[in-house]
Amino acid sequence: MKSFEWTVVDSPVGPLLLAATDRGLVNVVFHADEQVRDAAVRRLAARLGAAPVGVSAAAIPPAGWLAEPVRQIAAYFAGGLTEFSLPLDWSLSGGFNREVLRRLAEDVPYGTVVGYGELAARVDRPGGAQAVGAAMGSSPLPVVVACHRVVETDGKLGGFGGGLEAKRRLLALEGVLPEPLF
(Lines give C-alpha, C1' and ligand atoms only; values in the text may rest on other atoms or scores of the structure.)
Protein backbone atom coordinates (compact mmCIF):
# COMPACT_ATOMS: atom_id res chain seq x y z
CA MET A 1 0.00 0.00 0.00
CA LYS A 2 1.08 3.57 -0.66
CA SER A 3 2.17 5.62 2.32
CA PHE A 4 3.02 9.16 3.30
CA GLU A 5 5.27 10.45 6.07
CA TRP A 6 4.30 13.18 8.47
CA THR A 7 5.87 15.05 11.36
CA VAL A 8 5.22 18.14 13.46
CA VAL A 9 7.83 20.89 13.74
CA ASP A 10 7.89 23.93 15.99
CA SER A 11 7.95 27.33 14.31
CA PRO A 12 7.49 31.00 15.26
CA VAL A 13 3.89 30.71 13.99
CA GLY A 14 3.16 27.61 16.09
CA PRO A 15 3.44 23.90 15.41
CA LEU A 16 3.31 22.93 11.73
CA LEU A 17 2.45 19.50 10.43
CA LEU A 18 4.49 18.58 7.37
CA ALA A 19 3.50 15.62 5.19
CA ALA A 20 5.37 14.19 2.23
CA THR A 21 4.92 11.43 -0.32
CA ASP A 22 7.49 9.87 -2.59
CA ARG A 23 6.69 12.72 -5.03
CA GLY A 24 7.38 15.57 -2.60
CA LEU A 25 5.93 17.75 0.14
CA VAL A 26 2.16 17.36 -0.04
CA ASN A 27 0.78 19.27 2.95
CA VAL A 28 1.61 21.92 5.55
CA VAL A 29 -0.95 22.40 8.33
CA PHE A 30 -0.98 25.28 10.85
CA HIS A 31 -1.84 24.98 14.56
CA ALA A 32 -0.89 21.29 14.60
CA ASP A 33 -1.71 20.49 18.19
CA GLU A 34 -2.74 16.89 18.88
CA GLN A 35 -6.37 17.34 17.81
CA VAL A 36 -5.58 19.23 14.59
CA ARG A 37 -2.73 16.83 13.82
CA ASP A 38 -4.87 13.72 14.24
CA ALA A 39 -7.69 15.12 12.09
CA ALA A 40 -5.23 16.25 9.39
CA VAL A 41 -3.52 12.86 9.26
CA ARG A 42 -6.88 11.06 8.95
CA ARG A 43 -8.00 13.46 6.20
CA LEU A 44 -4.71 13.01 4.33
CA ALA A 45 -4.88 9.22 4.57
CA ALA A 46 -8.38 9.30 3.07
CA ARG A 47 -7.57 11.81 0.31
CA LEU A 48 -4.28 10.20 -0.68
CA GLY A 49 -5.48 6.62 -0.23
CA ALA A 50 -2.26 6.04 1.68
CA ALA A 51 -1.12 4.83 5.08
CA PRO A 52 0.31 7.49 7.41
CA VAL A 53 3.79 7.00 8.84
CA GLY A 54 4.53 9.35 11.74
CA VAL A 55 8.17 10.34 12.12
CA SER A 56 9.65 12.26 15.04
CA ALA A 57 11.15 15.53 13.81
CA ALA A 58 14.30 14.63 15.77
CA ALA A 59 14.60 11.19 14.14
CA ILE A 60 13.95 11.86 10.45
CA PRO A 61 16.35 9.77 8.35
CA PRO A 62 18.70 11.94 6.23
CA ALA A 63 17.32 10.37 3.06
CA GLY A 64 13.68 10.38 4.23
CA TRP A 65 10.95 12.24 2.40
CA LEU A 66 10.71 14.82 5.19
CA ALA A 67 14.43 15.52 5.68
CA GLU A 68 14.71 18.37 3.19
CA PRO A 69 11.31 19.97 3.96
CA VAL A 70 12.15 20.05 7.68
CA ARG A 71 15.62 21.48 6.97
CA GLN A 72 14.28 24.16 4.61
CA ILE A 73 11.39 25.18 6.90
CA ALA A 74 13.89 25.61 9.78
CA ALA A 75 16.24 27.63 7.54
CA TYR A 76 13.34 29.83 6.35
CA PHE A 77 12.25 30.67 9.90
CA ALA A 78 15.89 31.29 10.92
CA GLY A 79 16.10 33.91 8.14
CA GLY A 80 18.62 31.96 6.07
CA LEU A 81 16.36 30.77 3.23
CA THR A 82 14.46 33.03 0.88
CA GLU A 83 13.38 30.48 -1.72
CA PHE A 84 12.17 26.93 -1.18
CA SER A 85 13.57 24.38 -3.59
CA LEU A 86 11.51 21.35 -2.67
CA PRO A 87 9.76 18.84 -4.87
CA LEU A 88 6.04 19.42 -4.33
CA ASP A 89 3.28 16.86 -4.65
CA TRP A 90 0.33 18.83 -6.04
CA SER A 91 -2.15 15.96 -5.72
CA LEU A 92 -4.28 17.83 -3.14
CA SER A 93 -4.88 20.77 -5.46
CA GLY A 94 -6.26 20.89 -8.98
CA GLY A 95 -7.65 23.05 -11.75
CA PHE A 96 -7.79 26.79 -11.21
CA ASN A 97 -6.55 26.54 -7.61
CA ARG A 98 -3.41 24.68 -8.66
CA GLU A 99 -2.81 27.14 -11.52
CA VAL A 100 -3.05 30.12 -9.14
CA LEU A 101 -0.82 28.50 -6.51
CA ARG A 102 1.83 27.58 -9.07
CA ARG A 103 1.81 31.12 -10.47
CA LEU A 104 2.16 32.48 -6.94
CA ALA A 105 5.13 30.17 -6.29
CA GLU A 106 6.80 31.19 -9.57
CA ASP A 107 6.05 34.92 -9.68
CA VAL A 108 5.96 36.33 -6.15
CA PRO A 109 9.37 36.16 -4.49
CA TYR A 110 10.37 36.48 -0.85
CA GLY A 111 9.87 39.96 0.56
CA THR A 112 7.18 41.01 -1.92
CA VAL A 113 3.39 40.99 -1.96
CA VAL A 114 0.77 40.85 -4.69
CA GLY A 115 -2.90 41.83 -4.65
CA TYR A 116 -5.61 39.23 -5.12
CA GLY A 117 -6.79 41.07 -8.26
CA GLU A 118 -3.29 41.34 -9.70
CA LEU A 119 -2.69 37.62 -9.21
CA ALA A 120 -6.06 36.93 -10.88
CA ALA A 121 -4.94 39.00 -13.88
CA ARG A 122 -1.67 37.02 -14.04
CA VAL A 123 -3.67 33.82 -14.57
CA ASP A 124 -5.92 35.51 -17.17
CA ARG A 125 -8.86 35.92 -14.81
CA PRO A 126 -9.33 39.69 -14.52
CA GLY A 127 -12.04 40.29 -11.97
CA GLY A 128 -11.27 36.95 -10.33
CA ALA A 129 -9.92 38.31 -7.05
CA GLN A 130 -12.46 36.33 -4.98
CA ALA A 131 -11.59 33.12 -6.84
CA VAL A 132 -7.91 33.77 -6.08
CA GLY A 133 -8.83 34.27 -2.42
CA ALA A 134 -10.60 30.90 -2.45
CA ALA A 135 -7.53 29.30 -4.05
CA MET A 136 -5.33 30.76 -1.30
CA GLY A 137 -7.70 29.42 1.34
CA SER A 138 -7.58 25.94 -0.19
CA SER A 139 -3.79 25.79 -0.42
CA PRO A 140 -2.40 22.53 0.90
CA LEU A 141 1.12 24.04 1.03
CA PRO A 142 1.04 27.34 2.94
CA VAL A 143 4.38 28.91 3.91
CA VAL A 144 6.19 26.94 1.16
CA VAL A 145 3.76 28.25 -1.48
CA ALA A 146 3.56 31.68 0.10
CA CYS A 147 -0.15 32.50 0.32
CA HIS A 148 0.76 35.01 3.03
CA ARG A 149 2.20 37.22 0.26
CA VAL A 150 -1.25 37.82 -1.26
CA VAL A 151 -2.96 40.91 0.14
CA GLU A 152 -5.89 43.16 -0.60
CA THR A 153 -5.38 45.98 -3.09
CA ASP A 154 -6.08 48.65 -0.48
CA GLY A 155 -3.15 47.43 1.61
CA LYS A 156 -5.15 45.38 4.11
CA LEU A 157 -3.84 41.91 4.87
CA GLY A 158 -6.92 39.99 3.73
CA GLY A 159 -7.54 36.52 5.09
CA PHE A 160 -5.18 33.66 5.85
CA GLY A 161 -5.78 30.03 6.74
CA GLY A 162 -3.17 30.16 9.49
CA GLY A 163 -4.77 33.28 11.00
CA LEU A 164 -3.89 36.94 10.61
CA GLU A 165 -1.26 36.88 13.36
CA ALA A 166 0.62 34.15 11.48
CA LYS A 167 0.32 36.17 8.25
CA ARG A 168 1.71 39.25 10.03
CA ARG A 169 4.63 37.25 11.46
CA LEU A 170 5.48 35.69 8.08
CA LEU A 171 5.38 39.09 6.34
CA ALA A 172 7.51 40.60 9.15
CA LEU A 173 10.02 37.75 8.77
CA GLU A 174 10.28 38.60 5.07
CA GLY A 175 10.70 42.32 5.81
CA VAL A 176 7.36 43.41 4.32
CA LEU A 177 5.93 44.49 7.68
CA PRO A 178 7.76 45.76 10.77
CA GLU A 179 8.43 43.25 13.54
CA PRO A 180 5.82 43.46 16.30
CA LEU A 181 7.02 45.44 19.30
CA PHE A 182 5.81 42.76 21.71
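Reader: What makes the pairing of the side chains of Arg71 and Glu68 a salt bridge?

Author: In this predicted model, the side chains of Arg71 and Glu68 meet at 2.6 Å, N to O. A salt bridge requires an Arg or Lys side-chain nitrogen within 4 Å of a carboxyl oxygen of Asp or Glu, so the pair qualifies. Side chains of opposite charge can pair when their charged atoms come close.

Reader: Where do Arg71 and Glu68 lie?

Author: Both residues belong to helix α2, three residues apart, which is about one turn of the helix. By the same rule the count comes to nine salt bridges.

Reader: How many salt bridges are counted between domain 1 and domain 2?

Author: The count between domain 1 and domain 2 is zero. Five residue pairs are nevertheless in polar contact across that interface. Each such pair has N or O atoms within 3.5 Å, one able to donate a hydrogen and the other to accept it, and therefore counts as a polar contact.

Reader: Which elements supply the side of domain 1 that touches domain 2?

Author: β3 (24–29) and α2 (67–77) each supply at least two residues of that side. β3 gives the most, with four residues.

Reader: What is the division of that side of domain 1 into nonpolar, polar and charged residues?

Author: The side of domain 1 that touches domain 2 holds nine nonpolar residues, two polar and no charged.

Reader: How many residues of domain 1 and domain 2 are in contact, and what area is buried between them?

Author: Domain 1 (3–78) places eleven residues in contact with 15 residues of domain 2 (95–174). The buried area is about 1100 Å², and carbon and sulfur atoms give 73% of that area. In domain 1, Val28, Phe30 and Tyr76 lose the most area to domain 2, together 50% of what that side buries. The centres of the two domains, taken over C-alpha atoms, are separated by 22 Å.

Reader: Which feature does UniProt place at residues 6–89?

Author: An unreviewed UniProt entry gives "domain: Methylguanine DNA methyltransferase ribonuclease-like" for residues 6–89. Over these residues the chain is 31% helix and 24% strand, with the end C-alpha atoms 14 Å apart.

Methods: Residues are numbered from 1 along each chain as its sequence is written. This is a predicted model: local features need pLDDT of at least 70, side-chain atom pairs count only at pLDDT 80 or more; totals for chains, interfaces and linings use all residues. Side-chain values use heavy atoms; hydrogens and water are left out. Domain bounds come from an automatic or database domain assignment. Contact means heavy atoms within 4.5 Å. Buried area is the accessible area (1.4 Å probe) that two parts lose on being put together, summed over both. A polar contact is a pair of N or O atoms within 3.5 Å; within protein, one must be able to donate a hydrogen and the other to accept it, and residues adjacent in sequence count only if both atoms are side-chain atoms. Ala, Val, Leu, Ile, Met, Phe, Trp, Tyr, Cys and Pro count as nonpolar, Asp, Glu, Lys and Arg as charged, and the others, Gly among them, as polar. UniProt positions are given in the numbering used here, feature names are shortened, and annotations may be inferred rather than shown by experiment.
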